[in-house]
Each structure stands twice: as C-alpha cells, then as structure tokens.
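Here is a short tour for someone meeting this structure for the first time. Take a look at the sequence and the model, then read on.

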Amino acid sequence: MGMGSWIHWVIILVVVLAVFGTKKLRNVGSDLGAAVKGFKDGMKDGSADAPAQQVTASQKANDANTVDVEAKTKS
C-alpha cells in the first residue's frame, strides 16, 4: 500500500472540507500555527534565560521580592 494516487487525496480533501467546512479548518490552522510559534518563542526565551538564572547571594539580597531562608539544625 503506497500513498495512493492524487485522485485519492483529492477525494479525501473534498470529504474533509464537506465535513468540517473551510471556516473551521482555517481556525484550526491558525490556532495550530499560533501554538507552534508560541512553542518556538518559549524555547528561544528558555535558552536565553538559562545563564541569567545563575544569581549570586548579593544579588538575591538586593531583590525585594526574594526571601532568603537558611535552615538551621538543633544541636
């Protein structure tokens, strides 16, 4: 079984268009494109943020939103 002839794919395309309609297919395509773009942007931002996550103790002390807690054991 191969990929079929071009007539086979035209018939499948016509059936899909009849079932879902062009507007719904266009919405699905744009949603999928936005998801892929968001994923690529997230991967790009994630790799750029990796070295920036190495923060020194003095930088943490200067950050007002960071709470630095050190656990101490009882002796």
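Helices and strands here are DSSP runs, at least four residues (H or I) for a helix and at least two (E) for a strand, and they are numbered from the N terminus.

## The overall layout

What you're looking at is a predicted model. The secondary structure of the protein chain comes to 3 helices and 0 strands. Start at the N terminus and the elements read α-α-α.

How much of the chain is buried? Of its 75 residues, 0% count as buried, where buried means under 20% relative accessible area. The chain exposes about 7300 Å², and carbon and sulfur atoms supply 62% of that area.

## How far to trust it

The predictor's confidence averages a pLDDT of 76 over the protein chain, and 61% of the residues score at least 70. Which helix has the highest confidence, and which the lowest? Helix α1 comes out highest, with a mean of 90, while helix α3 (residues 57-62) is lowest, at 56.

## A look at helix α1

Helix α1 covers residues 6-20. Does its length add up, or what should 15 residues span? At 1.5 Å a residue, α1 should span 21 Å, and its end C-alpha atoms are 21 Å apart, so the two agree. The expected span uses one less than the number of residues.

Right after α1 comes Gly21, whose phi is positive, near 85°.

## The nonpolar patch

Now for the surface. Trp6, Ile7, Val10, Ile11, Leu13, Val14, Val15, Leu17, Val19, Phe20 and Leu25 make a nonpolar patch of about 1100 Å². Which helix gives the most to this patch? That's α1, with 10 residues.

## Leu17 and Leu25

Two members of the patch are worth a closer look. Leu17 lies in helix α1, whereas Leu25 has its place in helix α2 (residues 22-49).

Are they buried or exposed? Leu17 has a relative accessible area of 35%, so it is partly exposed. Leu25 is partly exposed too, because its relative accessible area is 30%. Partly exposed residues fall between the 20% and 50% cut-offs.

Which residues does Leu25 touch, leaving out those up to four places away in sequence? The answer is Val16, Leu17 and Phe20. So the two leucines are in contact, with heavy atoms within 4.5 Å.

Technical notes. Residues are numbered from 1 along each chain as its sequence is written. This is a predicted model: local features need pLDDT of at least 70, side-chain atom pairs count only at pLDDT 80 or more; totals for chains, interfaces and linings use all residues. Side-chain values use heavy atoms; hydrogens and water are left out. Patches are made of residues with over 30% relative accessible area and no salt bridge: like charges are joined within 9 Å, nonpolar side chains (Val, Leu, Ile, Met, Phe, Trp, Tyr) within 5 Å. Accessible areas come from the Shrake-Rupley method with a 1.4 Å probe; for residues, only the protein chains shown count as cover. A salt bridge is a side-chain nitrogen of Lys or Arg within 4 Å of a carboxyl oxygen of Asp or Glu. Buried means under 20% relative accessible area, exposed over 50%, partly exposed in between (1.4 Å probe, protein chains only). pLDDT is the predictor's confidence in each residue, from 0 to 100.
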